[in-house]
Each structure stands twice: as structure tokens, then as C-alpha cells.
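Thanks for asking me to look this one over. Below are my notes, point by point, for reading with the model open beside you.

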Amino acid sequence: MNQRINLEVFKNFFKSTNAGGILLFICVVLSIIIANSPFASHLASLLAYRVGFETETVHLNYSILLWINDGLMAIFFLLVGLEIKREIVEGELSSPRKASLPILCAIGGAVVPALIYLGFNSGTETSSGWGIPMATDIAFALAVIGLLGKRVPTSLKIFLAALAIVDDLIAILVIAFFYSSGIEMSYLLYAALGLFILVIMNRFNVLNPYLYLIPGIFIWYFVHHSGIHATIAGVLVAMTIPTNDTEKESPLERLEHALVRPVNFLIIPLFAFANTNITLEAEMLHGLTAPLGLGISMGLLLGKPLGIFAMALICTKMKISSLPEGSNYMHIVGVSLLAGIGFTMSIFIAILSFDDMLHINEAKLSVLLTSLIAGLAGYFLLSNTKTTYLRQ
């Protein structure tokens with residue numbers, strides 16, 4: 001008798017909170033292996049292959065890599081935007097008292113790494129990469145803390161999620177204002193008109209979230225051609241989707257639930273696979289100890305913990321807010337190390353920062369190695385922080 005394949009293993013894997021991070025890690029490793037194998041040129045050719053169409057008025061003929069970075073990543077940013085809005089309306093950012101700690105810690109964790117990077121790179125050709133060490137990768141950071149299970153308070157996981165969401169918002173603003181090219185006002189006005197239509201739909205209580213995606217596609221197109229990075233369109237569309245602070249599932253939550261798996265199991269792994277195909281060269285290894293590499297590594301490994309912990313200390317000592325329930329300062333240090341996992345957003349900003357492929361690849365390699373160190377350090381520190389030391 002033929003034995004059936006047991007699909008429960010796969011079902012359980014994709015239901016796991018850590019599955020996205022594991023898949024992401026596999027894609028990174030696979031991409032680096034291929035990039036340093038005889039198949040490297042085939043992968044490069046595939047990513048450079050152009051897909052789409054173009055007329056005198058419509059320009060949609062781009063490489064597969066650009067479709068991933070500007071197209072699919074707009075969906076990732078749509079999900080991030082939905083998470084930000086939900087947290088503002090009903091979550092950890094819904095009141096000044098609850099929001100103050102993750103917001104201020106995220107600001108400290110963004111500003112200090114940027115200053116450290118500029119300290120190494122000011123006046124050099126790589127000074128434009130100051131935004132690279134500012135970002136936290138939500139998928140990886142939450143995957144690592146998820147592996148700790150009950151060894152850390154649940155409130156600490158919520159704090160990390162809120163901090164990472166605010167961190168993403170800061171990164172989005174940085175991309176919009178500092179990493180966008182010259183503005184084409186006509187396209188920007190068309191995008192504004194599309195956004196106005198979505199606001200009107202919201203005001204008239206249109207509750208089908210998928211109807212918002214139709215004007216959203218046009219907004220993406222106009223934003224892409226306006227000079228502002230196209231992924232910002234995803235966040236703008238997300239802010240117009242209706243939500244509420246009740247138990248009843250809102251249109252925003254419906255769309256968020258629909259996007260979580262495609263983003264975590266397809267878009268982010270695909271982005272990682274397409275953008276970490278780094279062919280290792282001696283020059284790049286030298287770049288790890290050059291101002292570019294040191295700015296990124298010290299920004300993520302030192303700047304993130306310093307900025308987050310300092311803000312947490314100031315907030316608690318000044319009675320602005322309190323630490324997450326059941327946690328202590330050692331937990332905050334551990335979480336701040338996990339926030340040093342830059343990855344997705346850091347690599348994304350690195351691509352926007354430089355024209356020189358050597359600098360882009362050096363930045364990617366620095367982000368990868370530093371994120372690995374930050375993840376391991378945060379994991380081991382949190383796993384060895386004894387419950388007897390928890391603040392009651």
C-alpha cells in the first residue's frame with residue numbers, strides 16, 4: 001500500500017511564529033551559496049531580466065529585481081502601515097502613557113546609530129549611508145524572541161513589536177525625505193488625488209478593504225514616477241483603511257490577516273534572496289573594517305543598545321513611563337541587542353544609499369554579519385536573565 005505524505009509537518013511549520021524568520025534565514029544562506037557558485041551569472045541574468053510593457057504614456061517595463069524592490073516591497077510597506085495604524089488606534093501606541101516608552105526608545109535607537117555612522121563616515125563618499133543602521137527587522141527580531149518562549153515576559157515581546165513598528169515608521173520617513181530623487185510635482189499631484197479618493201471612501205464608510213487596493217495601485221504608479229520611493233505608497237494607502245478599537249474585526253484587520261502570510265513567506269524571503277546574492281571578494285572583507293563597515297556594525301551593535309537603553313532609563317527615572325510588566329533593565333539590554341538586527345530595512349536603505357555596487361555589497365555583508373551577532377547576543381542574554389531578577 002502506498003503511504004501518504006504527512007502534510008501536518010508543513011502545516012505546523014507555516015503556523016509557527018518562527019517560520020518566517022527560519023525561511024528568511026534559509027533564503028539568505030541559499031542566495032549567498034548561489035552567488036559564490038558557477039550559477040552566480042545565471043542568477044544575475046534572471047534578476048536583470050525585464051518584465052512588463054511600455055508605451056508613450058505608461059512606463060512599466062522593469063527588471064525582476066526592481067519589481068521585487070519597488071513593487072513587492074510596497075506590499076510589505078502596506079502591511080507595516082496597517083500594523084502602525086492598528087497600534088495607534090488600539091494597541092501599544094494608543095495612549096501617551098503606553099506609547100511613550102517604545103516611541104522614545106525607538107527614536108533613541110535610530111538617532112544614536114546614525115550619529116555613530118556619521119562619526120566614522122563624515123566627509124567620505126559613504127556618508128550618505130547614515131540611515132542603514134537605524135532600522136530594525138521586525139520578522140527576525142520577533143522570531144528570535146519567539147524562540148525564548150516563556151523565558152521572557154509576554155509584555156517584553158509586545159514592547160519589542162511596538163518598538164520595531166515605530167522604528168519602521170522612522171525608517172519610512174527617512175526614506176521619503178532623504179532617499180528619494182528629484183520630485184516630479186505632476187505625478188505627486190496625481191498620487192495626492194488618488195489618496196483623496198481613498199480618504200473619501202473611508203469617510204463614506206466603504207468597508208471592503210480590497211476596494212482600497214484599486215486606487216492604491218494607481219497611487220503606487222504615480223508615487224514611483226514622482227521621485228519619492230514607491231514603497232511609501234503602501235504606507236499611505238494603509239493609513240486610509242478603516243479600523244476600530246472594538247472586538248469586531250475591522251477592514252484593516254481583515255486585510256492585515258490576509259497579507260501576513262504572503263509577506264512573511266513570499267515577499268520578504270524573495271527580497272532577501274534577491275538582495276543578498278553577494279559574491280564574496282577580498283575587497284569586501286576589507287570593507288568590514290573600513291569606515292562604511294565600522295559605521296554599520298558599531299551603529300547596530302553599539303548604537304542601538306545605547307540609544308534604546310538610555311531612553312528607557314530616562315523614561316523610567318523621570319516617571320514618564322514604566323518598564324514592560326515583569327521585566328528589568330537587563331531585559332531591555334537584551335531587547336535592544338535584538339533591535340540591532342537590521343536586515344530587511346537596512347539592506348533596503350543600503351540599496352538606496354549608494355550607486356557603487358562594491359559599497360552596496362560591503363554594506364549588505366556588514367548588515368548580515370552584524371545582524372547575526374546582534375541576534376545571537378540578544379538571544380543568549382535574554383535566555384540567561386533569571387526570572388528571580390524580574391521586577392515585580
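1. Ser-63 sits in strand S2, which covers residues 59-63. As you follow along, please keep in mind that this is a predicted model. With a relative accessibility of 16%, Ser-63 counts as buried because the cut-off for that class is under 20%. Setting aside neighbours up to four places away in sequence, Ser-63 has contacts with Leu-47, Ala-48, Tyr-49 and Arg-50.

2. Next, the pair H2 and H11. Helix H2 spans residues 19-35 and helix H11 spans residues 251-275; their axes come within 8 Å and cross at roughly 25°. That angle is under 35 degrees, so H2 and H11 are roughly parallel to each other. The crossing of H2 past H11 is right-handed. On the H2 side, the residues in contact are Ala-19, Gly-20, Leu-23, Leu-24, Cys-27, Val-28, Leu-30, Ser-31 and Ile-34. These meet Asn-264, Phe-265, Ile-268, Pro-269, Ala-272 and Phe-273 of H11. Sorted by class, this contact between H2 and H11 has 12 nonpolar and three polar residues, with no charged ones.

3. One more residue of helix H11 deserves a look, namely Val-260. Val-260 has a relative accessibility of 27%, so it counts as partly exposed. Its C-alpha atom lies 9.0 Å from that of Phe-76, although 184 residues separate Val-260 and Phe-76 along the chain.

4. Phe-76 also turns up where H4 meets H15. Helix H4 (residues 64-90) packs against H15 at an angle of about 145°, and the two axes are 13 Å apart. The crossing of H4 and H15 is left-handed. From H4 come Asn-69, Met-73, Phe-76 and Phe-77, and from H15 come Thr-344, Met-345, Phe-348 and Ile-351. The class count for the contact of H4 with H15 is six nonpolar, two polar and no charged residues.

5. How covered is H15? Helix H15 runs over residues 343-353, and nine of its 11 residues are buried. The buried set consists of Phe-343, Thr-344, Met-345, Ser-346, Ile-347, Phe-348, Ile-349, Ala-350 and Ser-353. Thr-344, Met-345 and Phe-348 are among these buried residues, and they are also among the residues of H15 that meet H4.

6. What is the relative direction of H8 and H9? Their axes come within 8 Å and cross at roughly 155°. Angles over 145 degrees count as roughly antiparallel, and H8 and H9 therefore fall in that class. H8 passes H9 in a left-handed crossing. The H8 residues involved are Tyr-187, Leu-188, Tyr-190, Ala-191, Gly-194, Leu-195, Leu-198 and Met-201. Their partners in H9 are Pro-215, Ile-219, Tyr-221, Phe-222, Val-223, His-225 and Ser-226. By class, the contact of H8 with H9 comprises 12 nonpolar residues, three polar ones and no charged ones.

7. The loop between helix H8 (185-203) and helix H9 (213-226) holds Asn-205. You may want to look at its backbone: Asn-205 is not a glycine, yet it has a positive phi of about 60°.

8. A similar backbone note applies to Lys-319, where phi is near 60°, again positive in a residue other than glycine. Lys-319 lies in the loop between H13 and H14. Its relative accessible area is 67%, so Lys-319 is exposed.

9. Is Ser-327 buried or exposed? Its relative accessibility is 0%, so Ser-327 counts as buried. This residue belongs to the loop between helix H13 (291-317) and helix H14 (329-338). The Ser-327 side chain reaches the backbone oxygen of Pro-324 at 2.6 Å.

10. Last, Trp-130, found in the loop between helix H5 (96-121) and helix H6 (138-147). Which residues does Trp-130 touch, not counting those up to four places away in sequence? They are Ala-114, Tyr-117, Leu-118, Val-174, Phe-178 and Tyr-179. The C-alpha atoms of Trp-130 and Val-111 are 9.8 Å apart, with their positions 19 residues apart along the chain.

Key
Residues are numbered from 1 along each chain as its sequence is written. This is a predicted model: local features need pLDDT of at least 70, side-chain atom pairs count only at pLDDT 80 or more; totals for chains, interfaces and linings use all residues. Side-chain values use heavy atoms; hydrogens and water are left out. Buried means under 20% relative accessible area, exposed over 50%, partly exposed in between (1.4 Å probe, protein chains only). Helices (H or I, at least four residues) and strands (E, at least two) are DSSP runs, numbered from the N terminus. A polar contact is a pair of N or O atoms within 3.5 Å; within protein, one must be able to donate a hydrogen and the other to accept it, and residues adjacent in sequence count only if both atoms are side-chain atoms. Axes are lines fitted to C-alpha atoms, for helices over the stretch in contact, and angles run from 0 to 180 degrees between N-to-C directions. Angles under 35 degrees count as roughly parallel, over 145 as roughly antiparallel, 65 to 115 as roughly perpendicular and the rest as oblique. A crossing is left-handed if the near helix is turned anticlockwise from the far one by less than a right angle, and right-handed if clockwise. Contact means heavy atoms within 4.5 Å. Ala, Val, Leu, Ile, Met, Phe, Trp, Tyr, Cys and Pro count as nonpolar, Asp, Glu, Lys and Arg as charged, and the others, Gly among them, as polar.
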